[in-house]
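Reader: I'm new to this one and would like a close look at a single part. Could you take me through a charged pair and then show me what else is going on around the model?

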Amino acid sequence: MARRVFLHIGLPKTGTSYLQTILWAHRDELREAGLLVPGRERRDHLWASLVVRADPKVARRHPRAPDSWSVLRSEATDWADDVVISHEFFCSASAEQARRAVRELEPAEVHVVVTAREPLGLFTSSWQESLKNRGTTPIEEYGRSESSDPLDVWDWRALDLALVLERWAPAVPADRVHVVVAPGPGDPPDELWRRFCAVLGTDPEVVGPVTGFPNASMGVAEAETLRRLNQHFTGPGADLPGSFERAYDRGVWIRTFLADERLVPRGGERFWPGADQQQDCRRRGDRAVELVRSAGFDVVGDLDRLAVPAELPPRRHPSSVTDAEVADVAVALAARLMVDLKDGARPGRTQGTSAAADAGGPGAASTWWRRLRAAARSRR
């Protein structure tokens, strides 16, 4: 049985994808150093979070998804050293689901690891992430609730550090709860990885040099343009209903192809939610800092950085975006997409990649582009 299991449960939008990318890219080096990243593939950790949270639709994700949690536990049982399991959606589990997950990993010594950042930046990033997942909710209506449903992950249920710790921390002794504070401006680009390794007891140099991910944030006009585009796909009045319903399609086409690769590079003005939402974030941050301090959890980083700063620089509110600004972004986006159609760009291969070079690539996207170009040739 594993000596220790580190269950990294989030929070979302706290550098989790960055850490997971390092873990999966360097599984062999970490394994040689005594740290096992279990699973058949990276998605096993996502699917396992669905199993733990009793998602009744988990089987629709993939035929192997329902047994993902069992696979991780089995590999941990067969390993004699340390294990790390990481996905940010574990954090939405109920208190009973958290206790059950810990029990099912025992008799290993289970540690709960939470990466965290101040709530205002987290809230703003979360709203953008909801747009990248086909969301249409204006920011002034976003984050107005605390869901009781473990399947809700874009809600204060998963974003409020205090709420998450109140459900998860009782499952293990206080000294096995680790709060890793996200680095701030001026910190080295690999600081989050180093802080994470400090919890795991792993030499960060085992994987060689690593860097942080670029901040994939949209400007205020770009975010509002994406929100309005999503209204064509979902909700009342949608004229293209049913489009991008699968999580895979949303991830590939809306999140990666449209948002991260076409809207994010435009830059744009940063923004805040309204004053009442800023104050709500400030209240949640202060409460989380007090809870962590009083409970005696292990903290890596400056705990005070989890509080919203007393003074904030002035920024626009998304509701201030005009129709003319949206039109400018939309026209530029349409022009870019025309070039993409001509050149056969696909998610992840957007610059200088011809359709001919990609013709043999795997996946439905490659098939779609070949059919499109064949149809165009047939009409010449």
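Author: Start with R255 and E129, which form a salt bridge whose closest N and O atoms are 2.7 Å apart. R255 belongs to helix α12 (residues 247–263) and E129 to helix α7 (residues 119–132), so this pair ties together parts that are 126 residues apart in sequence. Keep in mind that this is a predicted model.

Why might two such side chains pair up at all? In general, side chains of opposite charge can pair when their charged atoms come close.

Now look at how covered each partner is. R255 is partly exposed, with a relative accessible area of 25%. E129 counts as buried, at 6% relative accessibility. The cut-off here is 20%: under that value a residue is called buried.

The pair isn't on its own, either. R255 and E129 belong to a network of salt bridges that also takes in K13, K132 and D260. Over the whole structure, there are 37 salt bridges.

Let's pick out another one. E146 forms a salt bridge with R284, and their closest N and O atoms are 2.8 Å apart. E146 sits in the loop between α7 and α8, while R284 is in helix α13 (residues 275–295), so here the pair ties together parts that are 138 residues apart in sequence. As for cover, E146 is partly exposed at 44% relative accessibility, whereas R284 is buried, with a relative accessible area of 7%.

For a pair with close numbering, go to E41 and R43. These two form a salt bridge as well, with 2.8 Å between the closest N and O atoms. R43 is partly exposed, its relative accessible area being 37%.

Just along the chain you reach D44, which is found in helix α3 (residues 43–52). D44 counts as buried, at 0% relative accessibility. Leaving out residues up to four places away in sequence, D44 touches G39, S68 and L72. If you want a sense of distance, try D44 and D298: they are 254 residues apart along the chain, and their C-alpha atoms are separated by 28 Å.

Next, the strands. S86 is part of strand β3 (residues 82–86), and at 5% relative accessibility S86 counts as buried. Its side chain makes a polar contact with the side chain of Q20, at 3.1 Å. Setting aside neighbours within four places in sequence, S86 is in contact with H8, Q20, L23 and H45.

How enclosed is strand β5 (residues 177–181)? Five of its five residues are buried, so β5 is largely enclosed by the rest of the structure. In a regular strand, side chains alternate between the two faces of the sheet. You can follow that idea residue by residue: V177, V179 and V181 are on one side of β5, H178 and V180 are on the other, and all of them are buried, leaving both faces covered.

β5 also has strand partners. Strand β4 (residues 109–116) pairs with β5 in the parallel sense over five bridges; in one of the matches, A116 has V181 of β5 as its bridge partner. β5 pairs with strand β6 (residues 298–300) too, again in the parallel sense, over three bridges. There, V179 has V299 of β6 as its bridge partner.

Note on methods
Residues numbered from 1 in each chain as written. Predicted model: local features only at pLDDT ≥ 70, side-chain atom pairs only at ≥ 80, totals over all residues. Heavy atoms only, no water. Helix = DSSP H or I, 4+ residues; strand = E, 2+ residues; numbered from the N terminus. Buried < 20%, exposed > 50% of the residue type's maximum accessible area, 1.4 Å probe, protein only. Polar contact = N/O pair within 3.5 Å; in protein donor to acceptor, adjacent residues only side chain to side chain. Contact = heavy atoms within 4.5 Å. Salt bridge = Lys/Arg side-chain N within 4 Å of Asp/Glu carboxyl O. Pairing = 2+ DSSP bridges.
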